[in-house]
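Please work through the following exercises with the sequence and the model open side by side. Each task is followed by a solution that goes step by step.

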Amino acid sequence: MASSSSFLLAMAALAALFAVGLCGNTVTLTVGKGTTSTYTHLVLVANLPIHELAIREKGAAEFLDDMKESPAMTFTQDSKAPLKAPLSVRFSVKGGGYRNRDEIFPAGLKPGSVIKTDIKFEG
């Protein structure tokens, strides 16, 4: 039992550090493994807890449906046709509404590329 108690205590400490560390940080999106150069399969990994991430193609009036979200702040989008870059993003932050950034993803980003949104997380 001591090991499970130690584990729970460690998890609680990490959660507290994580919560304190979030305030004032800038949201970044990293292009994930498996992303194709034409964005027919796009994987984005957020550094902070955002939700309802959606992308908009160049020249489009509307955002596509929200990207599929997995528990590890990873979002995926599959498209039958190549997406027209540069792509814009929209996402929500808890208690803070939606945030948009226009044309921040240029064409042909490779996995591991980091995009800075310049949006501060005030969670």
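**Exercise 1: the three-stranded sheet**

S3 and S6 pair in the antiparallel sense over five bridges, where strands are DSSP runs (E, at least two residues) numbered from the N terminus, and two strands pair if DSSP finds at least two bridges between them. The model is a predicted one, in which local features need pLDDT of at least 70 and side-chain atom pairs count only at pLDDT 80 or more, while totals for chains, interfaces and linings use all residues. Residues are numbered from 1 along each chain as its sequence is written, and side-chain values use heavy atoms, with hydrogens and water left out.

Task: Establish the strand order of the sheet that holds S3, S6 and S7, and find which of its strands are at the edge.

Solution. Step one is to collect the residue pairs between S3 and S6: isoleucine 55 stands opposite valine 89 in S6, and histidine 51 stands opposite serine 92, also in S6. Step two is to follow S6 to its other partner, for six bridges join S6 to S7 in antiparallel fashion, and leucine 87 has phenylalanine 105 in S7 as its bridge partner. The hairpin of S6 and S7 has three residues between the strands, and glycine 95 there takes a positive phi near 70°. Step three is to assemble these pairings into an open, antiparallel sheet in the order S3-S6-S7. The edge strands are S3 and S7, each of which pairs on one side only, and the twist averages 20° from one strand to the next, with axes taken as lines fitted to C-alpha atoms and angles running from 0 to 180 degrees between N-to-C directions.

**Exercise 2: the five-stranded sheet**

Task: State the order of the open sheet of five strands, and explain why one side of S4 and of S8 is left without a neighbour in the sheet.

Solution. The order is S4-S5-S2-S1-S8, with antiparallel pairing. S4 and strand S8 (114-121) stand at the edges with a single partner strand each, so one side of each has no neighbour in the sheet. Neighbouring strands of this sheet are turned by 25° against each other on average, direction ignored. At the S4 end, three bridges join S4 to strand S5 (residues 74-78), and glutamate 69 has phenylalanine 75 in S5 as its bridge partner. Threonine 74 also lies in S5, and its contacts (heavy atoms within 4.5 Å) include Val43, Leu44, Lys68 and Glu69.

**Exercise 3: the salt bridges**

Task: Locate the two salt bridges, and classify each partner as buried (under 20% relative accessible area), exposed (over 50%) or partly exposed (in between), using a 1.4 Å probe and protein chains only.

Solution. The criterion is a side-chain nitrogen of Lys or Arg within 4 Å of a carboxyl oxygen of Asp or Glu. One pair that satisfies this criterion is aspartate 102 with arginine 56, at 2.5 Å from N to O. Aspartate 102 lies in strand S7 (residues 97-105) and arginine 56 in strand S3 (residues 50-56), so this pair ties together parts that are 46 residues apart in sequence. Aspartate 102 is exposed at 52% relative accessibility, whereas arginine 56 is buried at 16%.

The other pair is arginine 90 with aspartate 66, at 3.6 Å from N to O. Arginine 90 belongs to strand S6 (residues 87-93) and aspartate 66 to the loop between S3 and strand S4 (68-70), so the pair links parts that are 24 residues apart in sequence. Arginine 90 is partly exposed at 22%, and aspartate 66 is partly exposed at 39%.

**Exercise 4: the nonpolar core**

Task: Determine which strand gives the most residues to the largest nonpolar core, a core being a set of buried Ala, Val, Leu, Ile, Met, Phe, Trp, Tyr and Cys residues joined through side-chain atoms within 4.5 Å.

Solution. The core has 24 residues, of which Ile50, Leu53, Val89, Phe91 and Phe105 touch the most other members. Strand S1 (25-31), strand S2 (41-46), S3, S6, S7 and S8 each supply at least two residues, and S6 gives the most, with four. S6 is mostly covered, since six of its seven residues are buried. Leucine 53 touches, among others, Leu29, Leu44, Phe75, Val89 and Phe91, leaving aside residues up to four places away in sequence.
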